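User: I would like to learn how to read helices, a ligand site and a few backbone details in a model. Could you walk me through one?

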Amino acid sequence: MEQYIIEGGIPLNGEVTIGGAKNAALGIIAGAVMADEDVLIENIPNVNDINVMLEAISEIGAKVNRIDAHTVVINGSSINTNEVKDEYMRKIRASYYFIGALLGKYNSAHVPLPGGCEIGARPIDQHLKGFRALGAKIDISGGSLHAKSDGLKAAHIYFDVVTVGATINVMLAASMAHGQTIIENAAREPHIVDVANFLNSMGANIKGAGTDTIRIRGVERFHGTEYSIIPDQIEAGTFMCMAAATRGNILIKNVIPKHLESITAKLLEMGNEVIEYDEAVRVIGAAEQRHTDVKTLPYPGFPTDMQPQMTVALALAEGISVVTESIFENRFKYVDELLRMGASIRVEGNVAVICGVKELSGASINVPDLRAGAALVTAALKAKGKSTLDEIGYIKRGYEEFDKKIAGLGGKITYISD
Ligand code: EPZ
């Protein structure tokens, strides 16, 4: 069992540097195997999900040379199977990006089906819709997905829902399909743009990433490249909310302020101070903060991955706030843990009605998923007294040295592992 022990009530002050974007790195690592030359990737976050993904590509035969914690050279020329092992899909859903990458490069892929997870059912019907439109034959048997084609052909694909995963997965496959594929109603997240820029740096021909229409003219082969991953929008937002909730003053470095606009807007509405620099933001948490309403939406709307962290900040703001989770159907489970710390929140379906309280009190808490874990750490840092958080392995999947960064800001947090 891995735990954090936190002594709360201390405002967090100081500077923190943000790492590379996990959700860009996952798509980029999958895409890197599509080249048969060395691909150097810098600024990868040293988190468990990334390390599992790197294990998965070396398992199928790709060469993986970890230069340092944040730099890797990948070469896909030695791949010797299109079959991804079940253990990887069970550990990380993003293994499904291998379908798009291997189908695009080898016209075949065998990948275990991802299950649902802590925050919802998370179907992959739009991924399959895209692959079928490109001419792939998809069979599902024995809990695995078998995709085959005689050569992918361009298609005009309209996604029924805005989906990050399907946009990246279909972009991967289409980047080597014959002709020009158009994806309509595409997701526009910063990590989509980063994956598209990465593929283009290997010789792909992708236009329009970051808008809702992406045009992809397939190419025969990719060449090697050197690429650096963008900063992680959600890690940055997490520390912004931490500054607000603990009434601290944090300079968050190595960010792209544009990617944080919806979070900045909400913290300003609450009465906090947010100062933007070229590659940093400073958040100064106001002593008295006001309520506001939040609805999670696809980018550039308020990110669902910031919903738990914002709910904690609002739980400590004066008045009634309403948070609507419009992306996932089960992303308020952590609220039960907040209630045990003295928060006053009522969840009805995908809406949380929050009545701000002056103070939270420490408790022993169970972490239900990655982003809820970061939010519960934030609540414990503000709460009066001691908190013990169990199952913090979830947090290590997406946050690098989370406890060290918090301790560097004056937070009293100890990592314990039996
Ligand atoms: C990505 O998940 C992120 N994960 C999630 O972050 C993030 O919450 C999510 O995008 C939304 O931004 C990675 O990038 C690895 P979606 P993904 O496909 O791609 C429905 C984190 O904390 N949908 O955009 O799985 C789906 O059920 C993680 O880092 C379909 O109906 O999300 C959901 O309601 C948690 N059919 C909505 O679309 C499909 O085929 C958005 O899902 C695909 C999705």
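Analyst: We will go through two helices, the ligand shell, a strand pair and some backbone angles. This is a predicted model, in which local features need pLDDT of at least 70, side-chain atom pairs count only at pLDDT 80 or more, and totals for chains, interfaces and linings use all residues. Residues are numbered from 1 along each chain as its sequence is written, and side-chain values use heavy atoms, with hydrogens and water left out.

User: How do I check the span of helix α12?

Analyst: Helices are DSSP runs of H or I with at least four residues, strands are runs of E with at least two, and both are numbered from the N terminus. The expected span of a helix is 1.5 Å times one less than its number of residues. For the 13 residues of α12 (residues 370-382) that gives 18 Å, and the end C-alpha atoms are 19 Å apart, which agrees.

User: Is α12 enclosed or open?

Analyst: Buried means under 20% relative accessible area, exposed means over 50%, and partly exposed lies in between (1.4 Å probe, protein chains only). In α12, 12 of the 13 residues are buried, so the helix is largely enclosed by the rest of the structure. Among them are Leu370, Arg371, Gly373 and Thr378.

User: What caps the N-terminal end of α12?

Analyst: A polar contact is a pair of N or O atoms within 3.5 Å; within protein, one must be able to donate a hydrogen and the other to accept it, and residues adjacent in sequence count only if both atoms are side-chain atoms. Here Asp369 is the cap, with a side-chain oxygen 3.2 Å from the backbone nitrogen of Arg371.

User: How does α8 read by the same steps?

Analyst: Helix α8 (residues 233-245) has 13 residues and should span 18 Å; its end C-alpha atoms are 18 Å apart, which agrees. Of its 13 residues, 13 are buried. Asp232 caps the N-terminal end of α8, placing a side-chain oxygen 2.8 Å from the backbone nitrogen of Ile234. After α8 comes Arg247, with a positive phi near 60°.

User: How many residues surround the ligand, and which are the closest?

Analyst: A residue is near a molecule if one of its heavy atoms lies within 4 Å of it. The ligand is surrounded by 23 residues, the closest being Asp125, Thr163, Val164, Asp305 and Ile327. Helices α1 (22-32), α5 (125-133), α6 (164-174) and α12 each supply at least two residues of this shell.

User: Which polar contacts should I look at there?

Analyst: Start with Asp305, where a polar side-chain atom lies 2.6 Å from an oxygen atom of the ligand. Arg371, one of the buried residues of α12, has a polar side-chain atom 2.8 Å from a ligand oxygen atom. The protein covers 88% of the 820 Å² of accessible area that the ligand has on its own, with areas from the Shrake-Rupley method and a 1.4 Å probe.

User: Which faces does strand β13 have?

Analyst: Strand β13 (residues 225-228) has Thr225 and Tyr227 on a covered face, and Glu226 and Ser228 on an uncovered one. Two strands pair if DSSP finds at least two bridges between them. Here 4 bridges join β3 (residues 38-42) to β13, and the two run parallel. Glu42 stands opposite Ser228.

User: Where should I look for backbone details?

Analyst: Try Pro300, in the loop between β17 (294-295) and α10 (307-315). The peptide bond from Tyr299 to Pro300 is cis, with omega near 10°. Then see Arg122, a non-glycine with a positive phi of about 55°; at 26% relative accessibility, Arg122 counts as partly exposed.
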